[in-house]
Each structure stands twice: as C-alpha cells, then as structure tokens.
Amino acid sequence: MNAVEFRNVVKRFDGVKVLDGVSFEVKKGEIFAIIGPSGTGKSVSLKHIASLLQPDSGEVWVSSGKIGYLFQSGALLAWMTLKENVALPLIETTSLSDEEISSRVSSALEAVGLSDAAEKYPSEISGGMQKRAGLARSIVRDVSIVLYDEPTSGLDPVTSATINDLIVRLNRERGITSIVVTHDLASALKFADTICLIEGGRVAQCSTPEDFVKSENPVVREFLAAIKGEIL
C-alpha cells in the first residue's frame, strides 16, 4: 500500500515549470530519498505532500495519518527550551492533559537522544542537536509520515551520520514512512529503500539504490559522474 502518490503533478512559479509532470509512489513504511541538483523541485515536492502548496494540475494523494516536517533549519523558537519547542504541536493541536504532553515530549526527546538537554535553549546547543530537537518535535504527535528537507545540510560528517542513523531507527522502530530530500547521495545510497532523481522538474529515475548506481539512464550516469568523488 502506498503512503504518497504523485500523479502527473505540474507546478509553476511566475510561469516557470518547477514540477513538470512528476509521478512517483512512496510505499508505506519505506525510506524514500528525493535527490537532484538545486532548484529542480525537490523541496517543492515535499511542500505538496504537506499541503503547503497545491499543484496547478495533476494529483497528490496522501494516505490518512499525521505528517511531521523537519525543516532544513530545524525552525526552533529561540525563546523556548527544547522541551517547550517539542511540546508546541501538542499544545496547539490537541486537548491532551499536561501530564500526557509531558510524557510524549519526554518520549520524543529520548528517541533522538536529547533527554539531558530538555531545559536548554536552541542557542545553547549545536546545529546537529537543533536538527534532532526539530525531529523530536516532528514525531511527537505519533505521526505516520515524516518529511525531511535536507536534514544533514551544514553538518559535519559525524553529525550527519548520527542524523541518518536516527532516520533509519525511527523508520524501523516506529514504522514511520520517511521522505528525505537530500543532496547527499552517498548517505541516500546507504539508508534509502528507494532513490528518486528529479532533474529539470521531471523524474529521471526511481529505483532501489542498487539499481540506481547500475542504471544506464544517461541523466543518472551524468549525475553520478558529477558527484563521483563523494560516493567513492
């Protein structure tokens, strides 16, 4: 069963097609990586899944369930502690008791390894910890889908590996469908079940990592050649 389907989706900005007939399927419970050059519609695709954008034509189908969104910046509120940041979605969208909210927040922070930092403010922690706190906020509502927008952008390799491991662990332990927009093909080849290359607003290929690196598709070969040094 599919968690998300794009059916010939077209999106224009100022008359320019950013998505030009995009179609793909994301199965429930998989890690689906969307890769491609900058400006090719990767993040725009995520925003359609989250209903932040609507297609000019075509359809975006999303299965029932809650969606979490990890923004590229982490998007934490500077004047709130990590605990307060993570609690915010529950306070705004549910009628849970303070005790239940506290329990869920503690569970989410524990899941990303930040139990000891609950009382800290964003300015007091590293960029990697801010991403993890943003991830805790994304999953605190018991979501079934998490959208990741460049989750390792600006992070060092060790911290990036920690984030990638978290994506895999949350996917495996909680059955979360993970849709990851990333420029980091080397990581995507390790953690993704499916890799979807979007080039020029169109899907060049969606396949397993194994089939992706073996592909004879000239667009895929060109993309792989351009970043060969990153995946050796």
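## A tour from helix α3 to the sheets

Start by selecting arginine 104 and glutamate 100: their side chains meet in a salt bridge, with N and O 2.9 Å apart. A salt bridge here is a side-chain nitrogen of Lys or Arg within 4 Å of a carboxyl oxygen of Asp or Glu. Before you go on, know that this is a predicted model, where local features need pLDDT of at least 70 and side-chain atom pairs count only at pLDDT 80 or more, while totals for chains, interfaces and linings use all residues. Residues are numbered from 1 along each chain as its sequence is written, and side-chain values use heavy atoms, with hydrogens and water left out.

**Stop 1: helix α3 and its salt bridges**

Show residues 98–111 as a ribbon: that is helix α3, and both arginine 104 and glutamate 100 lie in it, four residues apart, about one turn of the helix. Helices (H or I, at least four residues) and strands (E, at least two) are DSSP runs, numbered from the N terminus. Turn on a surface and you'll find arginine 104 partly exposed, at a relative accessible area of 24%. Glutamate 100 is partly exposed as well, at 32%. For these labels, buried means under 20% relative accessible area, exposed over 50%, and partly exposed in between, with a 1.4 Å probe and protein chains only.

Now add aspartate 142, which forms a salt bridge with arginine 104, the closest N and O atoms being 3.5 Å apart. Aspartate 142 sits in the loop between α4 (127–139) and β6 (145–149) and arginine 104 in helix α3, so this pair ties together parts that are 38 residues apart in sequence. Elsewhere, salt bridges with shared partners join Glu5, Arg7 and Glu59 into one network.

How many salt bridges does the count come to? It comes to 10. Another one to pick out is aspartate 56 with lysine 11, where the closest N and O atoms are 3.7 Å apart. This pair links distant parts of the chain, 45 residues apart: aspartate 56 in the loop between α1 (42–49) and β4 (57–62), lysine 11 in strand β1 (residues 2–13). Aspartate 56 is partly exposed at 41% relative accessibility, whereas lysine 11 is buried at 10%.

**Stop 2: the β2-β1-β4 sheet**

Lysine 11 has already put you in β1, so colour the strands around it. You're looking at an open sheet of three strands in the order β2-β1-β4, with antiparallel pairing. The edge strands are β2 (16–27) and β4, each pairing on one side only. From one strand to the next, the twist averages 15°.

β1 and β4 are joined by five bridges in the antiparallel sense; two strands count as paired if DSSP finds at least two bridges between them. For one such bridge, select glutamate 5, whose partner in β4 is tryptophan 61. Then bring in α1, which packs on the sheet, touches β1, β2 and β4, and points at about 120° to the direction of β1. Contact means heavy atoms within 4.5 Å. Axes are lines fitted to C-alpha atoms, for helices over the stretch in contact, and angles run from 0 to 180 degrees between N-to-C directions.

**Stop 3: the enclosed strand β3**

Next, select residues 31–35. Is strand β3 largely enclosed or open? Five of its five residues are buried, so β3 is largely enclosed by the rest of the structure. Show the side chains: Ile31, Ala33 and Ile35 point one way, Phe32 and Ile34 the other.

β3 pairs with strand β7 (residues 177–181) in the parallel sense over four bridges. There, phenylalanine 32 has isoleucine 179 as its bridge partner. β3 also runs parallel to β8, again with four bridges. Click isoleucine 34 and look across to cysteine 196 in β8.

**Stop 4: the disulfide**

Stay on cysteine 196. It forms a disulfide with cysteine 206, their sulfur atoms 2.5 Å apart; a disulfide is a pair of cysteine sulfur atoms within 2.5 Å. The pair links strand β8 (residues 194–199) to strand β9 (residues 202–207), with the two cysteines 10 residues apart. The structure holds one disulfide. The torsion about the S-S bond of cysteine 196 and cysteine 206 is about -60°, so the disulfide is left-handed. Cysteine 196 is buried at 0% relative accessibility, while cysteine 206 is partly exposed at 34%.

**Stop 5: serine 215**

Finish in the loop between α7 (209–214) and α8 (218–226), where you'll find serine 215. Serine 215 is buried, at 8% relative accessible area. Leaving aside neighbours within four places in sequence, serine 215 is in contact with Gln205, Val220 and Arg221.
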